[in-house]
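User: Could you take a close look at one part of this model for me, the packing of a pair of helices and what surrounds it? I'd like the cut-offs spelled out as you go.

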Amino acid sequence: MRWMEYVVFLAMVVGLAQPVGLYLARVGQRRRTFLDPVLRPVESLLYRLLGVRPEQEMAAGVYLICFLLFGAGCTMVLFLVLVLQRWLPGGPADAYLTTSMTTDLAANTAVSFTTTTTWQAYGGEQTLRYLAQMIGLVAQNFLAGAAGLALGFAFIRGIARERSATIGNFWVDLIRSLLWVLLPLTLLGSLILIWQGVPLNMAPYTLVHTLEGHAQTIAQGPVAALEFIKNLGTNGGDSSTQTARILMRIRRH
């Protein structure tokens, strides 16, 4: 019954609130976690490559400017990927891309994904190439979610450090949000989706015949890579929701 789903969901949220909150606190405070042996070297490498000084904290104004500049840069990159997607190699076949990625649609989509607005004015399986989904939408799902989480860390520090002139380092919070939170959870969730039959491929769309005798086209593509981070980062998607639901239905039958 549906009310049982609500009870189970509420119990999961309540049960996870404390351990997840404590884990996020350790990530935000750069304290040791069980993932440190694997992720600390990656973190240090990213700091060196990006020129980040993790010990150098920022005032609230500087932190906010970094956040806004990062969002604006991500918007421009995603906009260019979407506008230029027609020249990207790989599928799906042009015959399935019946909705043109116009300039205004690309701008709308880029702003939506950068701000995690979840506004989607197109059907992904009829509009986007696989590589545009991978290097554009999937990447932005991670980056926008991490930027939002970083801002959450800064907001909490601002309350806790009432008399402090700094609230942390945006780039440090961004990288740690990616490495310690979003990437591990998405990897685990995506593996579960693949186990349940959700596709992660660059294969052509599949034509099947339903029990009613009708022909139906099932979109393929990097669905498992996008679906979990889309929901985790409260963002939009492409063909993933429709495809995942269809394939899960087929698997149950």
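Analyst: Happy to; here is a walk through one helix pair and the core around it. This is a predicted model, in which local features need pLDDT of at least 70, side-chain atom pairs count only at pLDDT 80 or more, and totals for chains, interfaces and linings use all residues. Residues are numbered from 1 along each chain as its sequence is written, and side-chain values use heavy atoms, with hydrogens and water left out.

Let's start with the geometry. Helix α6 (residues 170–195) packs against helix α7 (residues 223–232) at an angle of about 130°, and their axes are 8 Å apart. Helices here are DSSP runs of H or I with at least four residues, numbered from the N terminus. The axes are lines fitted to C-alpha atoms over the stretch in contact, with angles from 0 to 180 degrees between N-to-C directions. The two helices α6 and α7 are therefore oblique to each other; under 35 degrees would be roughly parallel, over 145 roughly antiparallel, 65 to 115 roughly perpendicular, and the rest is oblique.

On the α6 side, the contact (heavy atoms within 4.5 Å) is made by Leu 182, Leu 185, Thr 186, Gly 189, Ser 190, Leu 193 and Ile 194. Helix α7 answers with Ala 224, Ala 225, Glu 227, Phe 228, Ile 229 and Leu 232. By class, the contact of α6 with α7 has nine nonpolar residues, three polar and one charged. Here Ala, Val, Leu, Ile, Met, Phe, Trp, Tyr, Cys and Pro count as nonpolar, Asp, Glu, Lys and Arg as charged, and the others, Gly among them, as polar.

Leu 182 deserves a second glance. Leaving out residues up to four places away in sequence, Leu 182 touches Ile 229 and Leu 232, and also Phe 142, Gly 145, Ala 146 and Ser 177. Leu 182 is also one of the residues that touch the most other members of the largest nonpolar core, along with Tyr 63, Phe 170 and Trp 180; this core has 30 residues. A nonpolar core is a set of buried Ala, Val, Leu, Ile, Met, Phe, Trp, Tyr and Cys residues joined through side-chain atoms within 4.5 Å, where buried means under 20% relative accessible area with a 1.4 Å probe, protein chains only. Two or more residues come from each of α1 (2–28), α2 (36–50), α3 (60–83), α5 (130–160), α6 and α7. Helix α6 gives the largest share, nine residues. A second, separate core has 11 residues, including Phe 79, Leu 82, Met 101 and Phe 113.

Terms used. Buried < 20%, exposed > 50% of the residue type's maximum accessible area, 1.4 Å probe, protein only.
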